Structure formats: structure tokens, C-alpha cells
Amino acid sequence: MPEIAIQVQNLSKRYRLGASQARYKMLRESIMESLKQIGRPKNSPETIIWALKDVSFEVRQGEAVGIIGRNGAGKSTLLKILSRITKPTSGRALIHGRVGSLLEVGTGFHPELTGRENIYLNGAILGMRRAEIERKFDEIVAFSEIEKFLDTPVKFYSSGMYVRLAFAVAAHLEPEILVVDEVLAVGDAQFQKKCLGKMDEVSKGGRTVLFVSHNMGAVEKLCKKVIFLEDGMVSAYSPDVNRIIRQYVMGGYDSLQHPVWNKSNDFPSNEWIVPERVALTDESGNIKTLPVSNDDTGVWVDLTFTVNKLDPALVVGIALYSDDGELMFWSYPNDEVEDKWPRLNLGRNQLRCHLPPHLLNEGSYHIQLIASLHFRLWIIEPNMSQPGIPFTIQGGLSDSPYWYAKRPGRLAPILEWKMGIE
Amino acid sequence: MDQTETLPLPPADSIVIEPPGRGISLGLRELWRYRELLFFLTWRDVKVRYKQTALGAAWALLQPLLTMVVFSVIFGSLAKLPSEGIPYPIFTYTALLPWQLFAFSLTSSSTSLINDQRLITKVYFPRLVIPISSVLAGLIDFLIAFVVLLGMLIFYQVPLSWRMLSLPLFVLLAVISALAVGLWLSTLNVKYRDVRYVVPFLTQFWMYATPIAYSSTLIPEKWRLLYALNPMTGVVEGFRWALLGSGEGAGPMVLVSAVIMVALFIGGLAYFRRQEDHFADVI
């Protein structure tokens, strides 16, 4: 049995909401606050959140462990504590071996410095020795594919080049324990593939890897074990990666429940919209019972939300995932020609989207409300998380006597067939 | 904490992560392990400082040089401030050098933590590396401006003296003073961004409270030790003594300044170390 690499015991982390919400305080505010606090009980419960509650687990040497959970479940806090960026409030962790943590690619890159200079700087920040960087320099450059621009300040790089260089440095870090947070979510598809390959190499090379991702495909490929965090607690830790992922994607609902997501307070706020409800309904707005059959008029996805700030580029849509985390599609109300677009108003809005029958195969899915300013920024990123609902499709595949059982494949469309004209 | 007793002792190369404790260690051994990072961050600060400037590192020369010219005209020629029989330009330049070292290092180290907040929230390393590296970067500017001083020493035919050997000691005093104040201000800055607005005033007042444009002999004898509570007084007096041989009686002032400086430094270090566990949560 290999030795233990990471031992986490009853780890808890408390944040005072006041301190984490306001980015920083002015001296005056802090004095005023303490004045206001007089006569009030200290540590009133609403100002405190426990990002981690009594988390314990062990990771053996050479294991690749994935950490999954929704936004705010405590994944990042856990990694920050294990990377020694912040300290726990109680409990402790023992780490046996050199830790390299990668919570972001390109940390410490300076835009004015050249690619070459940033390799050295970033390497040193990640904890590499100078001799080590020199030894791997050519390899890093080759991996990043930016040879030609090595002596150009990185502020002139395209974002793709920037990310490639940053990941190339990070990928050549050789700690005994590697802690990685969602860094594969950057770069183009081809580069992501390359990164994934590198990660695979690392974990097969006998090093211990802790890997946080919303990309269930990547977790499934890389990890031999998964920790599922919910509300700061370990809700599952098991080598049955597939089952845990399914549990996560299905949000722990059992399939007979109603497919509704209602506004929750732990959902991170933004200045644009507040999602109120996501529901699967029939045409007249009655909530469906699960599983949804494929043969009726189809299903309507009702999105209810409040708009606090309008922008011409503001758009609210849906992302649909299969149960193993693969994105099926995004859909936006302005996918059609412009005069058909529904117009959002300030205040409460409801958008409805028709999921036609005979599109998806039988199985379990997750549907998420997503929002963005087109081509500018994500407001609610598609990450198979909140605000969303799991649902299942069963039955009603077709009226044909030859197609009564589920076929393989994600889709189950009934396409039009004709005799040729020949 | 009974659970700690049930655990086997961790092997030598392992890390124990625990809640912030009560004791304060300086963490010097760990700082030493991260000396390469210290080097690279200093190198970055130096490299980046004069990027995209037309004159580049010449600014490190021009700033004290131009201040010296202004002071020589206003305080030396117009106000005719006494300079202990030493030509006014070199009298004020020997003081401007350590002062600018102090003021630049202080200013850059006080904002250093928030300028590197990405690093603090994403990577672990001893946080002391950040303010120290910005103070060290100030030292590079000092060395460049020092070349001008050498030229002036030759021009004014200042005789060589064994006292000059003590100069590094006073440079060290200036650096540690800057770091001492920088540690306090950078730590406060993490929580209170007011510091950013305080620093320009602070350095301005501080400069007039330091014998740069004038001689400390202008201060009545009985107030001199009180005056030396400003650690930069001792540094500037020390510089003048080492290079120009002025102010023979400044010994007690230098001593008082040094004591204050060490106290300020230890206090700043302790405050920094105590607060650094919360930097990533608050910044």
C-alpha cells in the first residue's frame, strides 16, 4: 500500500461575509462599523459563512483525485488551504512531499516583460529553481509554440499565446504533489487536449494529483477517485468516479421529483440579473413530472429572472448537459433573425424555450440557465451547475415497432426518409 | 487538541497546515529557501520600472540630481542656509541620496502587497519576499545615483578617509528604516486602502523633518536627541559624517536613530507576520 501523501483532518474554514464581500475597507467605514456593532451581539450568525465544515480525507501517493461540486461548495477554499495560501480556522492537514499548486495559469506574468523573461519569473513564482528552469527552458518553449515571439513583451501576445506560454511553464513543474484548479478551462480545444494529455502524463508518472474541475469529462479521464463537496462538506469520496459524477450531475434529486430550481441565497450575485426559477413545464406552464416522455408535444424550459441592469448585449439562455457532463448545446433566444428576438425588460422577465420531442435520447440530462454579455463576458457561466435542474427522458422514442428500446447515442431524432428518385 | 497526540510525527519533509497560531516565528529559514524568488521579484521591479520611458534608468540619476539643483538654488543661493562650510550642492546631495533610497523604497514597499495581490491569492511563498524585493529594487536606483556622488566627491576634491568605509552601515540603516515603515504600511494597506493617500504626505513631511536641505546644527542643541527620533536623521548625519566629515558630534543622534529604527523594524516584522495569514482572505 503506497504511503499517504495528503492527510486532511476535520478541516474547517470560516469567512466573515462582511470581510469577503467588500473588497476592502476604508478606515472610516471600519470605525463606523465598530460603532454600529456596539450593543449588538458579536458574530451575529448571518455575517459568517463556513466555506468548509469538518472535512477529512486521505490521498495516497500516486493517486489522482478529482474534486467536484457546485460553485461555492468549498473546492477552491480547500485547494487554497492545501496550497498554504490561506489558513484553516480549525482542523489540520499534513502534506508529505513538495507541493506545486496551479490555481491559475500565468500568475505573476508581467505584461511589460518578454516571453523569455516571464518564463523565468513565473517559474520562480511557481517554486522552480533557476537551474531547473534553465534545464527545461527549451522544452517549455517548444510546448508553448511561441518560439518566434520569445523576445516580445507578452502584452503584445494574443490571449491564446499568453495562455499557451503560461500553461507550458506550469506543465513543467515537477512537484511530488500537484494541486490544480480549473486551469484546463482555458485556451482553444486543441490546446486543451494537449493540456489534458500532459496532466494524464503527470498522474501516470506516479505523482499525486488533486484536480478541481467543472469539466466532468476531464475528471473522468484523469481521476481514479472523486471527492464530491456539497456546502463545504464531503458528501462522497469514492473510487467509483462514474457514479459520483452522476450523483453530482443529477444534483442528488431523485428522478420522481419535480424539475424546478428556485432562487437560492447561496447563489453568487452579479450586477445584471437575478435568476428566480428554472422549470420544465408543458405548453401551458404546468410543471412536468419526471421522467419526461419523448412523444408528447415536447417540453418547455421556463426561465424566470429579474434584470437589474440592461445592456444591448445581455442575453439569457440555456446549456444542456448529458449526465456524464458532456455539453450537448447552448441555446439563446437571439439565435434566430433579429426581428424575432424577445426583448428583455428591467425587472422580472420570463423566457420560454421549446425542447422539441425526438431530439434527445432516453437518459439523464442537466439543464442550466446561462447568461452573458455577448462576446464580452460570462455572467452565469455554463458549468453544469446552478441555476439548473436535472431531468430524465424516458419512453416515447418512436411509433415504429422496430424502435422501442433505447439505442446507443446521445440523440434520438426521427429523420425523414424517402426513396431515391433514380 | 487531543487528536494531535494520536498522530505519528510527520517525516522531516512534510508540511503541517494548521490554524494561525499565537507564537510568531520570523520564518527566516524559509525566506532563505525562497531567495531565488526574492531575486526574481527584485529583478522584475527593476526591469519594469523604466520600461517604456524614453530616458530609462537615467531617471534614477536625474531625480536626485534635479532636486539637488533646485535645493542649491533655493536653499543654498537664495536662502543662504548654512552648510557647515561644505559646498551646498554636495552637502545636500549626500543627504538626498539616502533620503531618496528611503522614500522610494518606502513608497514602493507600502503598495507592494496590493500590487501583487494576484500572487498572494494564487501562490504560496513567504509574504515577506514582496516588500523586501521592492526595497531591494530601490537599492539599485541608489547605486546608479551613487555614481554621480563619486563624481562630485572628485570634483569638490573631498579627501579620502577611513570614515568612508562605514558608509555601507548607513546604507543598511536607510534600507532597514524603509523596510520597517514599509512593513507597517503595506500590512495596513491590505485592509485600509487609505494608506495610498497617506504615503505622499508622509514622505513630504518626513523630508522636511530630516536635515536634507538644511544642517541639523540649525536645531537647538537641547532638541537634537528628540529630533533624532526620526531614524532618517541618523542616516543622513551618518552619510555626511562618513563622506564629508561633518557633524563630529552627531554620534548620540545616530545611536538614538538606530535604536528607534530597530524597534520600528521589529514591531513591523511582528505585525506583518501576525497579519499575513489573513492577507489572502482580506486583500
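Buried area here is the accessible area, taken with a 1.4 Å probe, that two parts lose on being put together, summed over both. Keep that in mind for the first view, and remember throughout that this is a predicted model.

**View 1. Chain B meets chain A.** Put the two chains together and about 4500 Å² gets buried between them, with 57% of it on carbon and sulfur atoms. On the chain B side, B:I15, B:I17 and B:K122 chip in 16% of the area that chain B buries against chain A, more than any other three residues. Counting contacts instead, 45 residues of chain B touch 46 residues of chain A.

**View 2. A salt bridge across the interface.** How many salt bridges are there between chain B and chain A? The count comes to 7. Zoom in on A:R92, which forms a salt bridge with B:E18; the closest N and O atoms of this pair sit 3.5 Å apart.

**View 3. Helix α3 of chain B and what covers it.** Helix α3(B) runs over residues 35-49. Its 15 residues, at 1.5 Å each, should span 21 Å, and since the end C-alpha atoms are 21 Å apart, the model agrees with that expectation. Which residues of α3(B) are buried? They are B:L37, B:L38, B:F40, B:L41, B:T42, B:R44, B:D45 and B:V48, so the list has charged residues such as B:R44 and B:D45 sitting alongside the leucines. The cover over these buried residues comes from both chains: it includes α4 (115-125) and α5 (130-144) of chain A, along with α6 (117-122) and α7 (129-155) of chain B.**View 4. An open sheet in chain A.** Six strands of chain A line up as β5-β6-β7-β3-β8-β9, making an open sheet with mixed pairing. At the edges stand β5 (99-102) and β9 (233-238), each with a single partner strand, so one side of each has no neighbour in the sheet. From one strand to the next, the twist averages 15 degrees.

**View 5. The β8-β9 pair up close.** Strand β8 of chain A, residues 225-230, pairs with β9(A) in the antiparallel sense, over 5 bridges. Look for A:E230 here: its bridge partner in β9(A) is A:M233.

**View 6. Chain A as a backdrop.** Stepping back, chain A holds 9 helices and 18 strands. Buried residues make up 50% of its 422. Take the contacts in chain A between residues at least 6 apart in sequence, and 72% of them join residues at least 24 apart.

How values were computed
Residues numbered from 1 in each chain as written. Chains lettered and ligands numbered in written order. Predicted model: local features only at pLDDT ≥ 70, side-chain atom pairs only at ≥ 80, totals over all residues. Heavy atoms only, no water. Pairing = 2+ DSSP bridges. Helix = DSSP H or I, 4+ residues; strand = E, 2+ residues; numbered from the N terminus. Axes fitted to C-alpha atoms, helices over the stretch in contact; angles between N-to-C directions. Expected span 1.5 Å × (residues − 1). Buried < 20%, exposed > 50% of the residue type's maximum accessible area, 1.4 Å probe, protein only. Contact = heavy atoms within 4.5 Å. Salt bridge = Lys/Arg side-chain N within 4 Å of Asp/Glu carboxyl O.
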